[in-house]
Amino acid sequence: MHFLQPLMLWSLLLLPLAVAVYLWLLRRKRKEAFAFSGVSWIIQNMGTPSPWRRHVPPALLGCALAVLLLASARPMARVTLPADYMTLIMAMDVSRSMLAEDVEPNRIKAAQKAAREFLQDLPSNVRVGIVSFAGNAQVVQHVTSQRDELVAAIDRFQLQRGTATGSGLLLALATLRPEANIDLESVLYNPNPFSYNDSGSAPGGARSLDAKPAAKERTPELPGSYKGGAIVLLTDGRRTTGPDPLVAAKKAADLGVRVYTVGFGTPNGFIPGYEGYSFFTQVDEESLKSVAKITEADYFKAGSADDLKQVYQHLSAQFTLEKRDTEITALLAGLALFLILLALGLSAYWFKIGPQQGFNAVRAGGLLPPSP
C-alpha cells in the first residue's frame, strides 16, 4: 500500500490525544457520580451493565476515527478487479529449435495444441492477433475476434532459422498500438541483421541516406498502465539475431503495455539429426524474466505440454481478473461509517432505559414529588 497524500498520516497523532481525553472524561464522571446521594439507588434499579461493555462503543468510535484519518492520506492498494483487456497479441517462436522432442511429440506441435485451447478459453470480448518470429518477424493473423481464423493461422506455422525475439516483441507492440508509429523498417528489413545496432545506423556508424527522420518522442506512460491490451511472448531459445529483447521491453514499458513471457521446453532439449547435426537448445530464462519485470507482467516456465496448458489457463483467467493499483479511500470511509453505526447500535441496545425505569430513576433523584 502507498499513499497519494502521505503528509496526512501525521493526523494519526490525534489518536493518542483522543484516548487521553476519554480517560479524563471517565475520571471526571467518576468524581461527579459520588456527589449525588441517590445514585446508588438509581444504578441498582436501572441495572449495572458489564464493565467492559461501556468501553466498546468508544473503542469502535476510536477505530472509526483512525480509519478516517488513514483515508485522508488517500491510500492506494493492489486489488483484484475485472480486467478490461480488449486486444491480445500472441508472439510465438517458430525457430527450428521448436522441433526439439523433449516435449511430446515435439515443441511446436505441443505449443500449437495449447495455443488453440487457449484461444477457445478466452472471453468472447477479447480480440486476438498472432505474430510469429524466427530470423525475422511477421504478422500471421491480424487482430480479429474470429477464433477459426486464429486457429488456421496457428496451423500454418512454418519453422525457420534464427531467433529474433526482440523483432517479434516489437512487431507485436506495433500491432497492438499502431498509433505509436514504431519504425519497424530498420528492424524487420535490416539487410545485415546479425550486425544490428539499436541506433538504427549502418555498420561502422554511417547512417543510410534514405533513412527516415527520427519520430517525435512520446511522453513515456507508466509501465502496465495501458488497459486496452497485452502481449503474450512464447519462446524456447535464446536470441540469435535482431534487436535486444530488453530494449524492446523498455519500449513496451514506455507505452504502458504488459508483456507476459513464457519459456517453453526443458534444459536438455535438443534437435536430433537435423540436416546431419544434433544440437541442444535452451531457454533464456533470465531475459524473459527481465522482459516481464520491466513491463510489470509475469514470467511462466513450461517444461511440458501439460505445463504450457496450465500456463495458458492461468493467462486466460488473468485477462478476466487482474491486479491493479486502486485508490481505496471510499472503501475505508465506508468501513468507518460501519464502525460508527455499530457503536451507536450497541450503545442503544446495551444501555437503553425503558419509560418506567427512567421515570422511577428521576423520581428517586428528588426531581419529582413522591407518588401519593
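Let's start with one residue: Arg-107 is buried, with a relative accessible area of 0%. Keep in mind as you look around that this is a predicted model. Arg-107 isn't without a partner, though, as its side chain meets that of Asp-102 in a salt bridge, 2.9 Å from N to O. Asp-102 counts as partly exposed, because its relative accessibility is 25% and buried would mean under 20%. There's a third member here too: Asp-102, Arg-107 and Asp-236 are linked in a network of salt bridges.

Now follow the chain into helix H4, which covers residues 107–121. This helix has 15 residues and spans 21 Å from its first C-alpha to its last, close to the 21 Å you'd expect at 1.5 Å a residue. Besides Arg-107, the buried residues of H4 include Ile-108, Gln-112, Phe-118 and Leu-119. What do the buried residues of H4 pack against? Their packing partners are E3, E4, H5, E7 and H10.

That brings us to the largest nonpolar core, which has 37 residues. H4 gives the most to this core, with 7 residues. Other elements that supply at least two residues each include strand E3 (87–93), strand E6 (229–235) and helix H10 (305–318). Within the core, Tyr-312 and Leu-315 touch the most other members. Take Leu-315 as an example: leaving aside neighbours within four places in sequence, Leu-315 is in contact with Phe-118, Val-232, Tyr-260, Val-262 and Phe-300. There's also a second, separate core of 29 residues, and among them are Leu-173, Ala-249, Val-257 and Ala-292.

Back to charged pairs for a moment. Side chains of opposite charge can pair when their charged atoms come close. The structure holds 8 salt bridges. In one of these, Arg-177 and Glu-179 meet at 2.7 Å, N to O. Arg-177 counts as buried at 7% relative accessibility, whereas Glu-179 is partly exposed at 40%. Another salt bridge joins Asp-254 and Lys-250 at 2.9 Å, N to O. Both of these residues sit in helix H8 (residues 245–254), 4 residues apart, which is about one turn of the helix. Asp-254 counts as partly exposed at 24% relative accessibility, and so does Lys-250 at 44%.

Finally, how far can you trust the picture? The mean pLDDT of the protein chain is 79, and 73% of its residues reach 70 or more. Over residues 193–211, however, the pLDDT is below 50, and that's also the case over residues 361–369. Where pLDDT is low, the predicted coordinates shouldn't be read in detail.

Conventions
Residues numbered from 1 in each chain as written. Predicted model: local features only at pLDDT ≥ 70, side-chain atom pairs only at ≥ 80, totals over all residues. Heavy atoms only, no water. pLDDT = per-residue confidence, 0-100. Contact = heavy atoms within 4.5 Å. Core = buried A, V, L, I, M, F, W, Y, C linked by side-chain atoms within 4.5 Å. Buried < 20%, exposed > 50% of the residue type's maximum accessible area, 1.4 Å probe, protein only. Expected span 1.5 Å × (residues − 1). Salt bridge = Lys/Arg side-chain N within 4 Å of Asp/Glu carboxyl O.
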